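Trainee: I am new to this structure. Please show me how to read its core and its helices.

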Amino acid sequence: MTLNSFLRNKRLWLVALLLVALALPLLLRFWPENAPTSPPSSPTPVPAKQVNVPLFQADSAFYFVEKQVAFGPRVPGTAAHKKCAAWLVKEFKRFGLEVIEQPFVAKTYFGLRDAVNIIAQYHPERANRILLCAHWDSRHIADKDSVDTDKPILGADDGGSGVAVLLELARLLQQHPLERVGVDFVLFDAEDLGDDRTEAGQSVMLQAVQDQKTLTWCLGSQHWARTPHRPGYTAQFGILLDMVGARGALFPREGYSAQQAPVLQNRIWAIAQELGYGNLFIDRLGGYITDDHVFVMRGLRIPVVNIIGIPNSPPAAFGAHHHTHRDNLEVIDRNILGVVGHVVATVLYRAAAGAF
Ligand code: 1BN
Ligand code: ZN
């Protein structure tokens with residue numbers, strides 16, 4: 001086509017005009033006069049957003065420990081374990097959450113046991129989620145005791161305390177709804193059926209060797225991390241609570257959390273300092289504990305911090321009650337439950353307000 005015939009072609013003129021009309025607004029936007037003349041002004045510092053955090057009721061959390069302990073040892077495969085599971089589901093439903101039970105067969109070092117992870121979802125339709133977890137089973141033996149070592153323990157602290165704080169948080173959410181974020185309370189089963197000859201609290205140097213040995217612990221979280229209740233499940237971050245109720249407990253920074261979720265751990269410990277709990281959330285590195293968070297981080301790539309109590313009496317790795325019959329209601333200090341609950345509630349309400 002020659003230039004002349006091109007210019008005489010009415011259809012082509014129309015198409016050209018249409019293209020110019022469509023492109024005009026775009027051209028004007030970037031024309032020098034319309035372009036921004038000065039760089040955007042530097043943001044004026046915004047004062048830290050004030051977020052109302054409802055009061056975490058330590059007495060209510062203590063009551064939830066009492067209730068669990070009253071079932072007796074919650075060892076997978078026992079009647080007490082079944083009854084307690086039914087009660088936990090009922091409680092979460094009472095707080096308006098949508099509950100999923102995830103049964104599985106736990107392959108323990110002493111045989112197969114029926115187990116169940118319990119997942120309670122707050123606003124399951126929200127994409128932006130926070131994961132709060134604890135284990136709800138109690139140990140099948142008292143291998144650190146001097147008497148009745150072959151009998152199961154009550155696990156008021158080891159199992160009961162973390163669950164109690166989570167139940168109280170669930171109750172708080174019902175009374176003081178959160179904006180924008182959803183929360184998943186995941187109660188792992190069969191955390192504490194491990195073979196203690198495979199110590200889970202070792203130095204990081206032994207991590208590779210440990211990896212194979214520690215598979216007897218944390219069976220519920222290992223199962224959930226492989227097959228979460230929703231395929232492709234993810235969350236902004238997670239917090240694991242384990243042994244958060246004993247009198248005299250301290251909360252140093254757990255090693256694997258420090259290594260794999262340092263930013264989250266810094267923020268949580270900073271909040272604890274700000275709230276005046278620096279004497280309990282001590283700013284030093286504790287041991288490396290192969291707990292449920294390790295498997296969630298490894299399997300689902302969600303940063304999870306373990307808040308786990310150690311005693312105020314080093315060099316013992318855990319409290320004198322750990323894996324003994326002394327882990328009963330008497331070891332529980334409602335103030336410790338209250339401190340941990342206050343810290344986690346602050347994290348939760350600030351995160352929902354975009355201020356975490
Ligand atoms: C934490 C509470 N753990 C068990 N109950 C994990 C663990 C297992 C810690 C073995 C030390 C040794
Ligand atoms: Zn334990």
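Mentor: We start with the ground rules, then take the core and two helix topics. This is a predicted model: local features need pLDDT of at least 70, side-chain atom pairs count only at pLDDT 80 or more, and totals for chains, interfaces and linings use all residues. Residues are numbered from 1 along each chain as its sequence is written, and chains are lettered from A and ligands numbered from 1 in the order in which they are written.

Trainee: Which residues have the most contacts inside the largest nonpolar core?

Mentor: A nonpolar core is a set of buried Ala, Val, Leu, Ile, Met, Phe, Trp, Tyr and Cys residues joined through C-beta atoms within 7 Å. Buried means 20 or more other C-beta atoms within 10 Å of the residue's own, placed from the backbone (exposed: 12 or fewer; partly exposed: in between). Here the largest core has 97 residues, and Val165, Leu166, Leu169 and Val340 have the most contacts inside it. Helix H11 (residues 334-352) gives the most, 12 residues. Helices (H or I, at least four residues) and strands (E, at least two) are DSSP runs, numbered from the N terminus.

Trainee: At what angle do H5 and H11 pack?

Mentor: Axes are lines fitted to C-alpha atoms, for helices over the stretch in contact, and angles run from 0 to 180 degrees between N-to-C directions. Helix H5 (residues 156-175) and H11 pack at about 45 degrees, with axes 10 Å apart.

Trainee: How many residues of helix H7 are buried?

Mentor: Seven of the eight residues of H7 (residues 219-226) are buried, so this helix is largely enclosed by the rest of the structure. The buried ones are Leu219, Gly220, Ser221, Gln222, His223, Trp224 and Ala225.
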